[in-house]
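Q: Please take a close look at one part of this model, the contact between chain A and chain D. Then set that part in its surroundings.

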4 protein chains.
Amino acid sequence: MIKAAVIGATGYAGAELVRLLTDHPKVEVTTLCSRQYAQQPFSFVYPAFAGIVDQLCESVDLDRIAQKADVVFMALPHKIPMGMVPDLLEKGVRVIDLSADFRFKDVQTYEAHYEPHSAQGLLKKAVYGLSEIYSDELREAELVGNPGCYPTCSLLPLVPLIKAQLIDPATIIIDAKSGVSGAGRGVSLGTHFCQVNDSFKAYKVGGHRHTPEIEAILSDSAGQPVFISFTPHLVPMTRGMLCTIYANIGGNVDEQLIRNCLTTAYARSPFVRIMPPAVMPETLQVRGTNYCDIGFYVDSRTRRIKIISVIDNLVKGAAGQAVQNLNLMFGFEETMGLDGVPCPI
Amino acid sequence: MIKAAVIGATGYAGAELVRLLTDHPKVEVTTLCSRQYAQQPFSFVYPAFAGIVDQLCESVDLDRIAQKADVVFMALPHKIPMGMVPDLLEKGVRVIDLSADFRFKDVQTYEAHYEPHSAQGLLKKAVYGLSEIYSDELREAELVGNPGCYPTCSLLPLVPLIKAQLIDPATIIIDAKSGVSGAGRGVSLGTHFCQVNDSFKAYKVGGHRHTPEIEAILSDSAGQPVFISFTPHLVPMTRGMLCTIYANIGGNVDEQLIRNCLTTAYARSPFVRIMPPAVMPETLQVRGTNYCDIGFYVDSRTRRIKIISVIDNLVKGAAGQAVQNLNLMFGFEETMGLDGVPCPI
Amino acid sequence: MIKAAVIGATGYAGAELVRLLTDHPKVEVTTLCSRQYAQQPFSFVYPAFAGIVDQLCESVDLDRIAQKADVVFMALPHKIPMGMVPDLLEKGVRVIDLSADFRFKDVQTYEAHYEPHSAQGLLKKAVYGLSEIYSDELREAELVGNPGCYPTCSLLPLVPLIKAQLIDPATIIIDAKSGVSGAGRGVSLGTHFCQVNDSFKAYKVGGHRHTPEIEAILSDSAGQPVFISFTPHLVPMTRGMLCTIYANIGGNVDEQLIRNCLTTAYARSPFVRIMPPAVMPETLQVRGTNYCDIGFYVDSRTRRIKIISVIDNLVKGAAGQAVQNLNLMFGFEETMGLDGVPCPI
Amino acid sequence: MIKAAVIGATGYAGAELVRLLTDHPKVEVTTLCSRQYAQQPFSFVYPAFAGIVDQLCESVDLDRIAQKADVVFMALPHKIPMGMVPDLLEKGVRVIDLSADFRFKDVQTYEAHYEPHSAQGLLKKAVYGLSEIYSDELREAELVGNPGCYPTCSLLPLVPLIKAQLIDPATIIIDAKSGVSGAGRGVSLGTHFCQVNDSFKAYKVGGHRHTPEIEAILSDSAGQPVFISFTPHLVPMTRGMLCTIYANIGGNVDEQLIRNCLTTAYARSPFVRIMPPAVMPETLQVRGTNYCDIGFYVDSRTRRIKIISVIDNLVKGAAGQAVQNLNLMFGFEETMGLDGVPCPI
């Protein structure tokens with residue numbers, strides 16, 4: 001058994017961490033931190049947990065947390081984690097940070113899209129937590145920059161195809177759609193039920209911060225700078241994310257080559273499922289799970305591939321992948337705590 | 001380990017059974033029957049189960065089923081089970097029937113609201129599967145008539161209050177609201193997305209078949225005939241049920257008496273949670289779980305009690321309660337297979 | 001042509017007023033006030049109105065408003081209107097107030113549920129704007145207290161039945177369900193998409209401010225004090241309201257008596273539609289319209305009536321009824337500006 | 001006043017036609033045909049229309065229809081109209097067909113994606129009803145092939161840009177999202193509330209029949225064959241469509257050139273609204289209206305344009321554009337019957 005703390009436990013990603021860790025056979029959750037709900041039972045904030053997690057939320061005290069934790073999950077807005085992580089690492093605690101603070105190797109990219117970085121020295125040390133791609137590094141990691149939801153959903157199908165040079169990296173277009181929980185639990189007009197319900201919209205069309213994150217990893221895979229078109233959209237649903245990805249394919253590339261590439265790449269990855277020919281996944285089929293389901297279609301008319309990739313933005317796109325990374329880091333079975341049977345609807 | 005079969009496995013209640021039984025540590029699912037999808041993998045119908053339940057669906061063959069099952073779950077429209085159950089029982093298999101066929105002790109009530117009963121002799125033998133109320137009988141049961149969703153949600157708060165004579169049985173009004181999955185997976189204009197979305201309606205206002213089912217059990221509890229007003233409504237959501245129940249209270253009845261009655265009645269019932277004073281449950285907090293959460297308000301102005309009771313109609317209202325009954329019947333821990341941690345949203 | 005101003009034009013009820021008044025053949029909208037969006041075009045807040053209502057929003061200046069208005073609509077939170085209305089009336093402007101400030105004849109009732117009233121002298125002068133019931137008084141009104149949505153939906157079926165003594169006023173139970181727009185455009189956790197979507201809940205079970213409003217009018221109709229049970233619920237939809245109303249009926253009361261009473265009462269009311277026998281209305285059928293559709297069922301088993309009444313909470317429950325009152329006050333055809341053909345879905 | 005008939009009046013597009021035509025000041029609706037609901041009042045099928053359109057639905061009798069109609073709208077599945085149109089034209093009636101039967105000039109394209117055409121002789125005579133682009137031809141048309149919803153939403157922004165050679169036609173990718181009403185009123189598992197709600201999916205990824213329709217018009221505009229990538233998706237909402245369109249731009253193309261092109265092209269088109277810089281439209285803002293709202297972003301990093309285009313699939317994507325075409329054909333003001341003020345939410 002290891003001991004874990006969650007800082008930012010009452011946001012949507014944090015609460016999902018609480019759900020998954022509570023079910024994890026090798027983890028004891030010792031501390032739940034929530035600034036807003038300090039001294040209140042977690043189950044007061046989420047009544048679903050009444051009788052299951054009645055533990056009191058606490059305000060953040062890094063000493064106290066470190067004394068009772070082998071690993072700390074941080075589910076906070078960016079900028080806050082970089083102020084805490086150095087201290088936690090020094091105290092010998094391993095950290096999985098769900099913000100953007102430790103996702104970039106290149107500090108300039110981070111600072112161009114976020115803000116000045118106060119813990120630059122740790123960026124090289126941090127491992128990008130895309131579990132299937134960086135599993136070797138993750139096994140040794142002390143600090144994990146857990147990926148964004150859009151990058152997770154986009155990169156899992158793209159990285160193997162780029163590495164195998166089956167698609168032209170200069171032609172990648174990612175049209176992404178997310179449920180509302182991706183916007184977090186904070187209140188705003190943009191998440192008001194009446195503004196979202198029965199409507200559909202694009203947002204941040206001119207530049208979303210996940211673009212440089214996706215490009216950094218794709219460039220790493222391609223061995224050359226890659227620039228993409230990325231457009232996020234908001235779907236009137238709570239959970240779920242679907243990316244429709246377009247790219248030009250080389251002259252000899254066909255359905256079978258693509259299929260072999262993906263199935264080989266993920267032969268030992270329990271959470272990536274490649275759909276049968278002509279079958280495309282929908283978000284409902286991964287709701288509440290850590291799966292990334294991938295379908296694709298090779299269009300010989302246009303010599304383009306279309307890829308459909310789905311995840312639950314709160315699970316594989318956030319808390320689930322964080323737990324998967326914990327499993328890698330501590331030598332547990334990769335699926336531990338993540339193998340609940342999904343709901344049919 | 002016991003062996004179980006599910007007949008009608010691809011309807012919504014059946015699929016939910018598959019979900020729960022797959023996660024049950026003492027159950028092996030040997031047979032999934034589906035007329036419509038015979039010879040197709042279960043995961044073809046519900047792609048969420050790809051790699052988890054790829055078992056082929058079969059058409060019904062009672063001999064074959066009985067050879068490989070200690071217990072059979074029937075998730076079929078009423079009338080069909082009564083034609084199969086006598087045969088199954090004879091073959092030594094225990095049966096949990098989710099239809100209305102074995103819910104009534106009184107054949108005339110059944111026949112007045114459904115149709116001629118071809119296995120009347122079994123009605124006395126069948127146990128009504130409201131787990132918390134009939135747990136003693138259920139431990140010995142060979143045939144369980146699993147309750148309807150509306151009766152489950154209504155009876156759990158009402159039975160103890162009626163037995164304790166705290167409310168006037170002649171004044172009970174149940175205003176019930178259900179998600180759309182209660183209507184099943186069959187296609188009809190009434191479940192077309194565009195007819196349901198962003199709308200709210202009552203249905204079967206003049207008489208829903210769950211009325212006599214509720215009245216039968218309330219009469220049993222009251223020791224006298226009870227007649228209620230019951231009105232079901234359709235909510236534009238997939239899962240969830242909420243009953244708002246009104247009844248007159250006696251002169252000396254107050255919040256504390258009610259609270260004591262309910263907490264005492266359910267002190268050993270892991271799936272009934274009584275809300276704190278002034279807190280009312282919402283359906284989201286029981287989504288995907290086997291809980292029935294109950295809140296109430298004693299209105300001294302009108303001398304009436306208002307009770308708010310919520311369940312997930314597919315779990316405690318169908319498949320979950322069926323698994324709870326299996327646990328009782330086979331001497332397993334009551335929560336076995338039903339203790340997955342709920343989603344926060 | 002008359003000139004109208006809307007104060008609070010960018011809230012949901014205010015914006016609905018803008019929609020209806022823009023379409024009204026006898027009204028010119030001279031001023032739109034919005035504290036939050038002063039100096040911004042109305043169509044910036046609601047892009048649907050681009051090219052239709054690009055008028056700038058203004059901050060409130062009663063002198064300026066009064067110079068350009070024969071009538072002022074106030075779509076503001078209670079307490080604010082009572083500070084403005086005396087001044088406006090003095091300037092010779094007629095006022096239709098959508099808040100609760102001028103709905104009560106009895107200042108003590110208002111103050112018990114809201115707060116100290118600073119314009120008590122106007123309460124007797126104000127007319128309760130339930131158009132069908134108080135049409136005579138409304139024709140002469142200078143100040144209208146426009147009804148709440150729940151009272152409108154509840155009172156329209158109840159008032160005639162109470163006046164005709166067909167139901168027992170001591171037994172009235174109103175189980176009410178509303179779409180989310182009733183909570184207004186202000187942001188809060190309670191209207192966050194993820195907290196509302198795919199869930200259903202009751203709220204303010206122990207006391208909603210519309211209870212005394214309903215009771216005041218029912219008492220007026222009954223000629224005796226009436227106390228009711230009222231429970232509001234939140235439906236995951238944008239617009240729409242449905243009330244399920246229960247009451248005991250006298251010994252000789254039957255379907256025909258009820259039907260005669262209602263059809264007679266509303267024979268000249270273009271916005272009240274009585275459903276055919278055994279047909280119940282759903283909210284979708286009044287979406288965007290000023291109709292109140294009423295169905296009912298007389299249950300001879302329990303000697304109770306069940307009434308189903310639906311409105312669009314933003315139209316007949318707020319802005320539409322306000323425009324209907326304007327029509328009465330200024331001698332226009334009652335349906336003017338309110339006769340757009342509804343959407344089928 | 002002209003006389004109009006609607007064949008297929010009780011499907012979603014047909015019912016929307018009924019809504020719009022009922023509000024049209026120059027149209028009298030003489031006949032509503034519905035096979036399924038013959039001899040039943042239209043308001044029985046759509047209770048919103050009670051007291052507004054109580055007219056009986058009829059079965060199809062072309063003689064009878066023609067005697068009472070100057071124009072016939074056909075809102076039927078493809079293949080049926082081609083069997084009726086020749087007869088109607090011969091009887092001197094003008095026809096606006098909402099199916100695909102008369103959208104293609106090239107019979108081979110139609111037959112490749114639909115089926116053998118029995119009225120090929122009329123294809124050259126038929127005018128493609130994209131109102132803004134083919135307005136001159138539409139003024140003289142006797143037979144209109146009303147466009148599909150996806151083509152309308154895609155072509156309005158693309159045609160001017162292609163004609164002006166601002167984008168590279170070989171690089172066009174259309175990622176399209178539609179509400180469920182686009183699937184029609186027929187029942188199927190795919191439109192079951194529980195299969196759609198809180199989910200998002202792509203469909204017909206390998207080939208949707210609107211692809212050749214879009215390509216035909218784009219080729220016409222480009223003066224050369226154009227092949228596109230087109231992917232439709234299903235959004236859990238009733239009405240609305242959004243297309244996200246990507247294309248490479250020439251070296252000198254910038255935001256201003258694009259803006260000039262579009263605003264010039266649609267300077268006299270009351271139903272096309274070009275959004276201000278950096279503003280993107282969402283579907284809610286065109287709900288129930290005939291608008292096509294267009295926003296765009298020129299990405300200098302990738303030298304691609306992103307276009308966001310929204311319509312109400314049942315209005316501008318079907319019935320509204322059909323009425324707009326009627327206005328053109330009969331010399332009415334283009335906005336007649338289509339200028340209802342939109343709902344703010």
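A: The contact comes first, then chain A itself, then some local features of the other chains.

This is a predicted model, so local features need pLDDT of at least 70 and side-chain atom pairs count only at pLDDT 80 or more, while totals for chains, interfaces and linings use all residues. Residues are numbered from 1 along each chain as its sequence is written, chains are lettered from A and ligands numbered from 1 in the order in which they are written, and side-chain values use heavy atoms, with hydrogens and water left out.

Start with the contact between chain A and chain D. Chain A gives 44 residues and chain D gives 44 residues. Contact here means heavy atoms within 4.5 Å. The size of an interface is often given as the accessible area lost when the parts come together. Between chain A and chain D the buried area is about 3700 Å². Buried area is the accessible area (1.4 Å probe) that two parts lose on being put together, summed over both. Carbon and sulfur atoms give 52% of the area between chain A and chain D. Three residues stand out on the chain A side: A:Asp198, A:Phe200 and A:Arg304 supply 17% of the area that chain A buries against chain D, more than any other three residues.

Now the polar side of the contact. Chain A and chain D share 35 residue pairs in polar contact, both residues at pLDDT 80 or more. A polar contact is a pair of N or O atoms within 3.5 Å; within protein, one must be able to donate a hydrogen and the other to accept it, and residues adjacent in sequence count only if both atoms are side-chain atoms. Several elements of chain A give two or more residues to the side that touches chain D. Among them are strand S7 (173-178), helix H9 (210-222), strand S10 (241-248) and strand S13 (304-311). Helices (H or I, at least four residues) and strands (E, at least two) are DSSP runs, numbered from the N terminus. By class, the side of chain A that touches chain D has 21 nonpolar, 12 polar and 11 charged residues. Ala, Val, Leu, Ile, Met, Phe, Trp, Tyr, Cys and Pro count as nonpolar, Asp, Glu, Lys and Arg as charged, and the others, Gly among them, as polar.

Next, the charged pairs. Side chains of opposite charge can pair when their charged atoms come close. Six salt bridges are counted between chain A and chain D. A salt bridge is a side-chain nitrogen of Lys or Arg within 4 Å of a carboxyl oxygen of Asp or Glu. D:Asp198 pairs with A:Arg287, with the closest N and O atoms 2.6 Å apart. A:Lys177 pairs with D:Asp175, where the closest N and O atoms are 2.9 Å apart. A:Lys177 lies in strand S7 of chain A and D:Asp175 in strand S7 (residues 173-178) of chain D, so this salt bridge joins two chains. A:Lys177 and D:Asp175 are both buried. Buried means under 20% relative accessible area, exposed over 50%, partly exposed in between (1.4 Å probe, protein chains only).

Step back to chain A. Chain A has 11 helices and 13 strands. Its radius of gyration is 20 Å, close to the 20 Å that the globule rule gives for 345 residues, so chain A is as compact as a globular protein of that length. That radius is taken over C-alpha atoms; the globule rule is 2.2 Å times the number of residues to the power 0.38. The C-alpha trace of chain A spans about 60 × 45 × 40 Å along its principal axes. Of the 345 residues in chain A, 66% are buried. A:Glu16, A:Arg19, A:Arg239 and A:Asp312 are linked in a network of salt bridges. A:Gln39 has a positive phi of about 75°, although it is not a glycine. A:Gln39 sits in the loop between strand S2 (27-33) and helix H2 (42-45) of chain A. A:Gln39 is exposed, with a relative accessible area of 55%.

Now chain D. D:Glu213 and D:Arg103 meet in a salt bridge (2.9 Å, N to O). D:Glu213 lies in helix H9 (residues 210-222) of chain D and D:Arg103 in the loop between strand S4 (94-97) and helix H5 (107-113) of chain D, so the pair ties together parts that are 110 residues apart in sequence. D:Glu213 and D:Arg103 are buried.
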